Amino acid sequence: MKCGYKRVISSFIDGELGGEKAVFLKEHLKECAACKEEIEVLKSIKSAFSCEPDYKVRGDFTETVIASLPERRANFREKLDWWMDEVLPLGKKLIPVPLVLTAALIFFIAFNAVTPNFITLEEVLLSNHFTLEEEIVLTDARLSDEIALELLVK
Amino acid sequence: MDNDITLIERAIEGDKSAFGDLVDKYKGKIVGAAFRFSGNYKDAEDVAQEVFLKAYLNLAKFRKEADFSTWLYRITYNTACNYVRKKKIKMTTLKDDIRYEDEFDIERNEKREIVRAALEKLPLKLKSVLVFREYESLSYKEIAGVLDCSIGTVESRISRAREKLKVLLRPYILEGEKI
């Protein structure tokens, strides 16, 4: 068969081909004898599997399984897993989010606690706690004409 | 009977009878699937027993949004493959080793044996998708869940598996008889 529909035909006979693809294939089958034949062959193979009977499982199978089970009681972790799955299906995936946020907050608080509260010289000067002379000495500023005149008047 | 989630919750707490109900419910499917992979009935029951033991010990890891039978099938597939690898048994079917619900006529037995023999010649990846599709009647989505692959991969593998089967069964198809 050279049509290139093999994969689609296989899905089609399984009832797994939906929507437009199925409509398109049905249209194609009207004019393609090779594809029709392919479908018949695959259906034939498929039907051969249905000859399998159900198996009669040994009567005491369940009892044998139960007897082989160890004693167990859910530990805390298992209960937590189960509970998380119950109340928050995405719980496990989201656990890192609050953890990271908490860690970031702790880091921020700790950093601020140990970091000295530096005040820049400009802030001190703006607060007007110094006299004009002190300002000149601290800032190593060159005297402008106005300031020199002011000092002279003082 | 309680639903699966209730039974699982009780089993997690150590209630073996609740787990027994789950075993009763799924043993047919699991032994059947184990048989397709292990190749004979005795090994199939051993594999199925191991599957239920593993399931019991890992119940808390089962995700509720998943289907319990799909989860069991996944354990079955992995356990059966390991079992076969360890025992180095060839995946062949022993006719006399099977117990059936009913008697089947010779023609149906022959047809079954022909298909089985052809199936055994496929690589495991191709065989597994057909086993889950044809014998266990799983949808492509369910098979993808069991084998942890995409639906496209399942689709492709099933198509390739059928193509190989077609070649292997060609003598029977060409005889004009529908197998």
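## A tour of helices, bridges and rings

Being 4 residues apart in helix α3 of chain B, B:Glu50 and B:Lys54 are separated by about one helical turn. Select both. Their side chains meet in a salt bridge, 3.6 Å from N to O. B:Glu50 counts as partly exposed because its relative accessibility is 29%. B:Lys54 is partly exposed too, at 30%. This is a predicted model, so keep that in mind at each stop.

**Along the helix**

Stay on helix α3 of chain B and pick B:Asp46 and B:Lys42. These two are also 4 residues apart, about one helical turn. A salt bridge joins them, with the closest N and O atoms 3.0 Å apart. B:Asp46 has 29% relative accessibility and so counts as partly exposed.

Now select B:Tyr56, again in helix α3 of chain B. Is B:Tyr56 buried or exposed? At 0% relative accessibility, B:Tyr56 is buried. Add B:Gly14 to the selection. The two are 42 residues apart in sequence, yet their C-alpha atoms are 9.3 Å apart in space.

**Rings across the chains**

B:Tyr56 belongs to a cluster. Ring pairs link it with A:Phe61, B:Phe19 and B:Phe52. Over all chains, the structure holds 12 aromatic pairs. One of them is A:Phe61 with B:Phe52, an edge-to-face pair with 6.0 Å between centres and 70° between planes. The angle is over 60 degrees, so the pair counts as edge-to-face. This pair crosses between chains: A:Phe61 is in helix α4 (residues 61–68) of chain A, and B:Phe52 is in helix α3 (residues 41–57) of chain B. Both A:Phe61 and B:Phe52 are buried.

Move to B:Arg36 and B:Tyr135. The charged end of B:Arg36 sits over the ring of B:Tyr135, 3.9 Å from the ring centre.

**A bridge between chains**

Across all chains, the count of salt bridges is 18. Select A:Asp14 and B:Arg133 next. Their side chains form a salt bridge, 3.3 Å from N to O. Where do the partners lie? A:Asp14 is in the loop between α1 (6–13) and α2 (19–29) of chain A, while B:Arg133 is in helix α6 (residues 124–135) of chain B, and the pair crosses between chains. A:Asp14 and B:Arg133 are both buried.

**Two more stops in chain B**

Show helix α8 (residues 151–168) of chain B. This helix has 18 residues and reaches 26 Å from first C-alpha to last, close to the 26 Å expected at 1.5 Å a residue. Its buried residues include B:Val154, B:Ile158, B:Ala161 and B:Leu165. Charged side chains are buried here as well, among them B:Glu155, B:Arg157, B:Arg162 and B:Lys166.

Then go to B:Thr6, in helix α1 (residues 4–12) of chain B. B:Thr6 is partly exposed, with 30% relative accessible area. Select B:Ala18 as well: the pair is 12 residues apart in sequence and 8.6 Å apart in space, C-alpha to C-alpha.

**Finish on chain A**

Show chain A alone. How many helices and strands are in chain A? There are 10 helices and 0 strands. Of its 154 residues, 27% are buried.

Last, select A:Leu105, A:Phe108 and A:Ile109. They form a nonpolar patch on the surface, with about 330 Å² of accessible area together. A:Leu105 lies in helix α7 (residues 96–114) of chain A. Its relative accessibility is 52%, so A:Leu105 counts as exposed.

How values were computed. Residues numbered from 1 in each chain as written. Chains lettered and ligands numbered in written order. Predicted model: local features only at pLDDT ≥ 70, side-chain atom pairs only at ≥ 80, totals over all residues. Heavy atoms only, no water. Phe/Tyr/Trp six-rings, centres within 6.5 Å; stacked < 30°, edge-to-face > 60°. Buried < 20%, exposed > 50% of the residue type's maximum accessible area, 1.4 Å probe, protein only. Lys NZ or Arg CZ within 6 Å of the ring centre and 35° of its normal. Patch = residues over 30% accessible without salt bridge, like charges linked within 9 Å, V, L, I, M, F, W, Y side chains within 5 Å. Areas by Shrake-Rupley, 256 points an atom, 1.4 Å probe, with all protein chains shown as cover. Salt bridge = Lys/Arg side-chain N within 4 Å of Asp/Glu carboxyl O. Expected span 1.5 Å × (residues − 1).
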